[in-house]
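Welcome, and please open the model in your viewer with the sequence panel beside it. We will go from one selection to the next, pausing at each to see what is there.

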Amino acid sequence: MKVEHDSLPGEYNCRLILVQSVKQRGKAFLGHMQLIVNAVQDGKKVVLQFPIENAPQELAGISLNFKYYQVIDRAFKVSPDIAIENVQVRVFERACSNPK
């Protein structure tokens, strides 16, 4: 996974490759993923989730559907005064509420 600052303040690009485990190869993985951004704003730690919870359907999820691998290239925006410490990826299989 690679997270890079974009040209506009507060905009970031996230690129990653999700790979199916050897035991599951050939079987389709269906689900979605979230980005969890740990950051500091005004000296306080904050945690942001993308896509944003309760967002409209067109913004609601990063869908996953692959047999071997899937390349994800997503942008997200935070307030320009936020300093990002790290970004986590949570992958959810369809109909599961706990990440893999």
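**First stop: a charged pair**

Select Glu85, which has a relative accessible area of 44% and so counts as partly exposed. Keep in mind as you look around that this is a predicted model. Now add Lys45: its side chain meets that of Glu85 in a salt bridge, 3.1 Å from N to O. The two partners come from distant parts of the chain, with Glu85 in strand S7 and Lys45 in strand S4, 40 residues apart. Lys45 is exposed, because its relative accessible area is 66%.

**Second stop: the hairpin**

From Lys45, widen the selection to strand S4 (residues 44-50) and strand S3 (residues 29-41), which run antiparallel and are joined by seven bridges. Two residues lie between S3 and S4 in this hairpin, and in the turn you will find Asp42 with a positive phi of about 55 degrees. Further along, look for Leu35, which stands opposite Phe50 in S4.

**Third stop: the core**

Leu35 leads inward. In the largest nonpolar core, which has 19 residues, the ones with the most contacts inside it are Leu18, Met33, Leu35, Leu64, Ile72 and Phe76. Colour S2, S3, S5 (62-66), S6 (69-77) and S7 (82-93), the elements that give two or more residues to this core. Which element gives the largest share of this core? S3 does, with five residues.

Now centre on Phe76 and show its surroundings. Among the residues Phe76 touches are Val3, Tyr12, Leu35, Val37, Phe50 and Ile84.

**Fourth stop: a three-stranded sheet**

Next, show S1, S2 and S6, which form an open antiparallel sheet in the order S1-S2-S6. S1 and S6 are the edge strands, each pairing on one side only. From one strand to the next, the twist averages 15 degrees. Follow S2 and S6 along their nine bridges, and find Val19 opposite Tyr69 in S6.

In the loop between S1 (2-5) and S2 (11-19), pick Leu8. Leu8 is partly exposed, because its relative accessibility is 45%. Measure from its C-alpha to that of Lys77: you should get 9.3 Å, although the two are 69 residues apart in sequence.

**Last stop: more salt bridges**

Select Asp73 and Arg15, a salt bridge whose closest N and O atoms are 3.6 Å apart. This pair ties S6 to S2 across 58 residues of chain. Then show Glu4 and Lys2, where the closest N and O atoms of the salt bridge are 3.4 Å apart. Keep Lys2, Glu4, Arg15 and Asp73 on screen together: salt bridges with shared partners join them into one network.

Definitions and conventions: Residues numbered from 1 in each chain as written. Predicted model: local features only at pLDDT ≥ 70, side-chain atom pairs only at ≥ 80, totals over all residues. Heavy atoms only, no water. Pairing = 2+ DSSP bridges. Helix = DSSP H or I, 4+ residues; strand = E, 2+ residues; numbered from the N terminus. Buried < 20%, exposed > 50% of the residue type's maximum accessible area, 1.4 Å probe, protein only. Core = buried A, V, L, I, M, F, W, Y, C linked by side-chain atoms within 4.5 Å. Contact = heavy atoms within 4.5 Å. Axes fitted to C-alpha atoms, helices over the stretch in contact; angles between N-to-C directions. Salt bridge = Lys/Arg side-chain N within 4 Å of Asp/Glu carboxyl O. Lists of a residue's contacts leave out its neighbours within four places in sequence.
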